[in-house]
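Subject: The structure I promised you

Hi,

Here is the structure we talked about. Have a look at it first, then read my notes underneath.

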Amino acid sequence: MIRARGLVKRFGEFTAVDGVDFELYRGESFGFLGPNGAGKSSTMRMIGCVSPPSEGELSILGLDPVADGPVIRARLGVVPQEDTLDLELTVRENLLVYGRYFGMSRELIRERTARLLDFVQLSDRAEDQVEPLSGGMKRRLTIARSLINEPEILLLDEPTTGLDPQARHAVWDRLFRLKQQGVTLILTTHYMDEAEQLCDRLVVMDRGKIAAEGSPRELIERYSTPEVLELRFEPDRHQVAAEKLASVPAERREVLADRILLYVTDGDATLAAVRALGLEPLTSLVRRSTLEDVFLRLTGRRLED
Amino acid sequence: MAAGTRELTRPALPGAVFAVRELRFWLTDYRRTWRGSIYSSLLNPLLFLGAMGLGLGSLVNSRGDAAIGGVSYLTFLAPGLLAATAMTTAVGESTYPVLASVKWVKTYQAATASPLRPADIFHGHMLFVALRLTMNCAIFLAVAAVLGAVQSPWALASLPVAVLTGITFNAVIEAWAITRTRDTSFAVIFRFGMIPLFLFSGTFFPITQLPAWLRPLAYLTPLWHGVALCRSLSLGTATLGGALIHVGYLAGLAAVGVAVGNRTYRRRLYV
């Protein structure tokens, strides 16, 4: 559905996207995972046909985004990073003006509005002004709006950034349903849990480049160990402990500012080995590897940095 | 999939179709505020024509009316103020609403995610402003007629001229406003652009009263062309040659504004 080869986006001297290749297939849910400034949003804007690529090839639904922007956009739904709702209009009017942009009849818009507001659980707010709605409601309204033209591809740029946990789960739930209905989802995120929940396949982006590609499970298997042992020591013992731990067998170790991570197959066994050295950590945690560990491994930095 | 949308065929639909969609957005938005705007459209000509035309006019006329073409000051003033009203309406609609659309509320960005292109968004907004200009100028003309400031049925022809004057300002200023990131420069435009034009483009007194060295400058301003043509139509003194020059100047400048705006809108919205 979407094919990029050597895609580059420059803003003056700054290169936001530095030669990325990817290919997306119908019905899948694809993610761009990376920290702020990795080039995710710039890539999304190029796919949304509102940002001409500086270099490289990009084909969307077999069409050229620069020449055929209107035709492609008629088949896309976009949930931008920042809400672009008209705050002074009502919930229903926002869908009305948006549907008209796509040349839809008033009747068709009315019919879909009823269905979409029901889908995002905003039916009882239909006649209310948008301004006083909560962040989560506005986000859900933006999602409803992006579906007004029944898009083949839905682009979501950081769909849950800034929402509280409950609102995030509500959004995830709706997106998961769309995925079940066969809508192709493309999303950017810097939340590993979001990527794990929603993405069949993802690329890890860092400084405008793609660092790795695969399903969340594949990436974890390829770049991390089954388990991670997280140890925390008192600040003054942190460095000493880190040196002593060098003798504990582990596939990889990361000494962060506040914690020490040991990448191993069996976390409990490793914790026992640490204690056998006479090291008693303040806190210890054995957990499964996540995409965050993959990112740390690939870039040497944490996602939230 | 994507059912009910019309532009799945290539080549894409003509831009006018898209511009009308953007116009309809503005009309929906306007539905909330139109009442208030009608009041100010009525009040503005009443105040100005009352105070300047009738009040100040009684002083002016007591000194003779040779310099203003042998008509009452009210009759002289009304067509000039009509063109000036078109200008102030256009400048108002081309500044803060543009920055609001691109920066504060981002309704322009919402439109870019649809089939609309930046030029369609620009032209759609211009259509809306043209509609507002027509409304404001028609109300102005009606008030002027009621106050007895209109002499000839030709005054009706000054309505499209005033609207064209407004469109010219709208095109040029909107093309510039979209490049702004803050609204501070709008105040500068109001103070050092609009108000001097308002005062010195022949609205209140013929520019023959200006010092000789300043006159060529007045001839260059679009407002003067609008004022001069509206007035000659309203007083029944218009000539075809003069009218063509005025309309040509205004339309030419508007075309430049649209051409520049097509570029500046694209540059701002397609980054």
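Let's start with helix 10 (residues 222-235) of chain B: at 1.5 Å a residue its 14 residues should span 20 Å, and its end C-alpha atoms are indeed 20 Å apart, so the two agree. (The expected span is 1.5 Å times one less than the number of residues; helices, H or I with at least four residues, and strands, E with at least two, are DSSP runs numbered from the N terminus.) Helix 10 of chain B is also mostly covered, with 14 of its 14 residues buried. Buried means that 20 or more other C-beta atoms lie within 10 Å of a residue's own, exposed means 12 or fewer, and partly exposed is in between, with C-beta atoms placed from the backbone. Just after this helix, B:Gly236 takes a positive phi of about 75°.

Before you go on, a word on the ground rules: this is a predicted model, where local features need pLDDT of at least 70 and side-chain atom pairs count only at pLDDT 80 or more, while totals for chains, interfaces and linings use all residues. Residues are numbered from 1 along each chain as its sequence is written, and chains are lettered from A and ligands numbered from 1 in the order in which they are written.

Two residues that are not glycine have a positive phi too. A:Arg207 has a phi near 45° and sits in the loop between strand 8 (201-206) and strand 9 (209-214) of chain A. It counts as partly exposed because it has 15 C-beta neighbours inside 10 Å. B:Lys106 has a phi of about 65°, in the loop between helix 4 (96-104) and helix 5 of chain B. With 18 other C-beta atoms within 10 Å, B:Lys106 is partly exposed as well.

Now, how do the chains meet? The contact takes 31 residues from chain B and 33 residues from chain A, where two residues are in contact if their C-beta atoms, placed from the backbone, lie within 7 Å. On the chain B side, helix 1 (15-30) and helix 5 (107-112) are the elements that give two or more residues. That side divides into 15 nonpolar, 7 polar and 9 charged residues. (Ala, Val, Leu, Ile, Met, Phe, Trp, Tyr, Cys and Pro count as nonpolar, Asp, Glu, Lys and Arg as charged, and the others, Gly among them, as polar.)

Which residues touch the most other members of the largest nonpolar core? Of its 144 residues, they are A:Leu155, B:Leu82 and B:Met87. Such a core is a set of buried Ala, Val, Leu, Ile, Met, Phe, Trp, Tyr and Cys residues joined through C-beta atoms within 7 Å. Helix 3 (residues 73-94) of chain B gives the largest share, 13 residues. Apart from this core lies another, of 11 residues, including A:Leu229 and A:Val264.

A:Leu229 also stands opposite A:Leu262 in strand 12 of chain A. Strand 10 (residues 227-232) and strand 12 (residues 260-264) of chain A run antiparallel, joined by 5 bridges; strands pair if DSSP finds at least two bridges between them. Strand 10 of chain A also pairs with strand 13 (residues 283-288) of chain A, antiparallel over 6 bridges.

Last, chain A is divided into domain 1 (2-215) and domain 2 (225-288), with bounds from an automatic or database domain assignment. Their C-alpha centres lie 40 Å apart.

Cheers
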